[in-house]
Amino acid sequence: MEALEAIRKRKAVRTYTDRPVDDAVLDKLLRVALVAPTGSGAQAWSLMVVRDPERRRAVADLIIAGGARYFSLMRRRKEGVSEEEHARWGRDYAESILSTYRIAPVWVAGLLVPRGNYPAEMAEGGHTDDLISVAFAFENLMVAARALGLGTVPTTAFQRFEKDRLREILGLPAEVDPAIVTPLGYPESFPEGLPPALQRSHRSWRSLVHDDQWGNVRE
């Protein structure tokens, strides 16, 4: 699959099979990811590959639990529904759409690894540059995965509730941030188009392009 098609067809995959990912394929994806642009040439990143079954299961359970909390927070509680009922809905919904995360053969974590290469007056902006660089690497990974018939789903919010626990599972020091994670594997099927919920609110590309000045949109 050529690059532009892979970009267009990269979708968030939430249903996986347990089909193994070949070592050579995985290495190809990791190398492609790490040729991404990196602020100040710092390479303030690492990628952690998780294939140990118990560790994969622990990561998946943490992400699914985080998804349950996220869904409960993002969806307004209906009138007459108790907090516990609403939380149970979040847990049930997360299980219904994310349960195959537990059998995905690989997890990949994009880690922000501070390199201490910014002077004090640049430190705050430097952290932002490093975080964006991790995102560049992950986009490479996800597009390349789609080109090779593999699925991914960028996850940045679900682990925020349990970052220290995720660090513990992955054996990370406190200063290393598991900023983004994804299952990686062969999907049951690739999604086509947008989910119905997003179709109602999705903005067209023309409405998001401003020519020369703010407000001069193409739509």
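**Backbone, cores and ring contacts in a predicted model**

Gln 43 has a relative accessibility of 45%, so Gln 43 counts as partly exposed, since that class runs between the 20% limit for buried and the 50% limit for exposed. The model described here is predicted. Gln 43 sits in the loop that joins helix H2 (23-33) to strand E1 (45-50). Its phi is near 50°, which is a positive value in a residue other than glycine.

A second residue with this backbone feature is Asp 212, which is not a glycine and has a positive phi of about 70°. Asp 212 belongs to the segment after helix H7 (196-199). Its relative accessibility is 86%, and Asp 212 therefore counts as exposed.

The interior comes next. In soluble globular proteins, nonpolar side chains tend to be buried together. Here the largest nonpolar core comprises 27 residues, and those with the most contacts inside it are Val 59, Ile 63, Leu 98, Tyr 101, Trp 107 and Leu 170. At least two residues of this core come from each of helix H3 (53-74), helix H4 (83-98), strand E2 (106-112) and helix H6 (163-170). H3 provides the largest share, 7 residues. Another core lies apart from this one; it has 21 residues, including Ala 33, Phe 138, Leu 150 and Ile 180.

Tyr 101 can be followed outward from the core through its contacts. Beyond its neighbours within four places in sequence, Tyr 101 is in contact with Val 13, Arg 14, Tyr 16, Ala 60, Ile 63, Ile 64, Trp 107, Val 153 and Pro 183. Two of the residues in this list, Ile 63 and Trp 107, are also named among those with the most contacts inside the largest core.

The contact with Tyr 16 leads to the aromatic rings. The structure has 7 aromatic pairs. One of them joins Tyr 16 to Tyr 101, with 6.1 Å from centre to centre and 65° between the planes, an edge-to-face arrangement. Tyr 16 is in the loop between helix H1 (3-9) and H2, while Tyr 101 is in the loop between H4 and E2, so this pair ties together parts 85 residues apart in sequence. Tyr 16 and Tyr 101 are both buried. A further pair is made by Phe 71 and Tyr 93: the ring centres are 4.9 Å apart and the planes lie at 75°, so this pair is edge-to-face. Because Phe 71 is in helix H3 and Tyr 93 in helix H4, the pair ties together parts that are 22 residues apart in sequence. Phe 71 is buried, at a relative accessible area of 13%, whereas Tyr 93 is partly exposed, at 35%. Phe 71 and Tyr 93 are members of one aromatic cluster, together with Tyr 70, Trp 89 and Phe 158.

Rings also take part in contacts with charged groups. Arg 19 lies over the face of Tyr 186, at 3.7 Å from the ring centre. The charged end of Arg 146 sits over the ring of Phe 190, 3.7 Å from the centre of that ring.

Arg 146 falls within helix H5, which spans residues 123-147 and packs against H2. Two packed helices are described by the angle between their axes and the distance between the axes. For H2 and H5 the angle is about 145° and the axes are 8 Å apart. The crossing of H2 and H5 is right-handed. On the H2 side the contact involves Leu 29, Leu 30, Val 32 and Ala 33, and on the H5 side Ala 137, Asn 140, Leu 141, Ala 144 and Ala 145. Ala 33 of this contact is also one of the residues of the 21-residue core.

After H5, the chain continues into the loop between H5 and H6, where Thr 152 is placed. Thr 152 has a relative accessible area of 2%, so it is buried. Not counting residues up to four places away in sequence, Thr 152 touches Lys 11, Ala 12, Val 13, Tyr 16, Met 142, Ala 145, Thr 182, Pro 183 and Leu 184. Val 13, Tyr 16 and Pro 183 are in contact with Tyr 101 as well. Between Thr 152 and Arg 218 there are 31 Å in space, C-alpha to C-alpha, and the two are 66 residues apart in sequence.

Helix H6 holds Arg 167. How far is Arg 167 buried, as relative accessible area? The value is 14%, so Arg 167 counts as buried. With residues up to four places away in sequence left out, Arg 167 touches Leu 172, Pro 173, Ala 174, Val 176, Asp 177 and Pro 178.

Key
Residues numbered from 1 in each chain as written. Predicted model: local features only at pLDDT ≥ 70, side-chain atom pairs only at ≥ 80, totals over all residues. Heavy atoms only, no water. Core = buried A, V, L, I, M, F, W, Y, C linked by side-chain atoms within 4.5 Å. Buried < 20%, exposed > 50% of the residue type's maximum accessible area, 1.4 Å probe, protein only. Helix = DSSP H or I, 4+ residues; strand = E, 2+ residues; numbered from the N terminus. Contact = heavy atoms within 4.5 Å. Phe/Tyr/Trp six-rings, centres within 6.5 Å; stacked < 30°, edge-to-face > 60°. Lys NZ or Arg CZ within 6 Å of the ring centre and 35° of its normal. Axes fitted to C-alpha atoms, helices over the stretch in contact; angles between N-to-C directions. Left-handed = near helix turned anticlockwise from the far one by under 90°.
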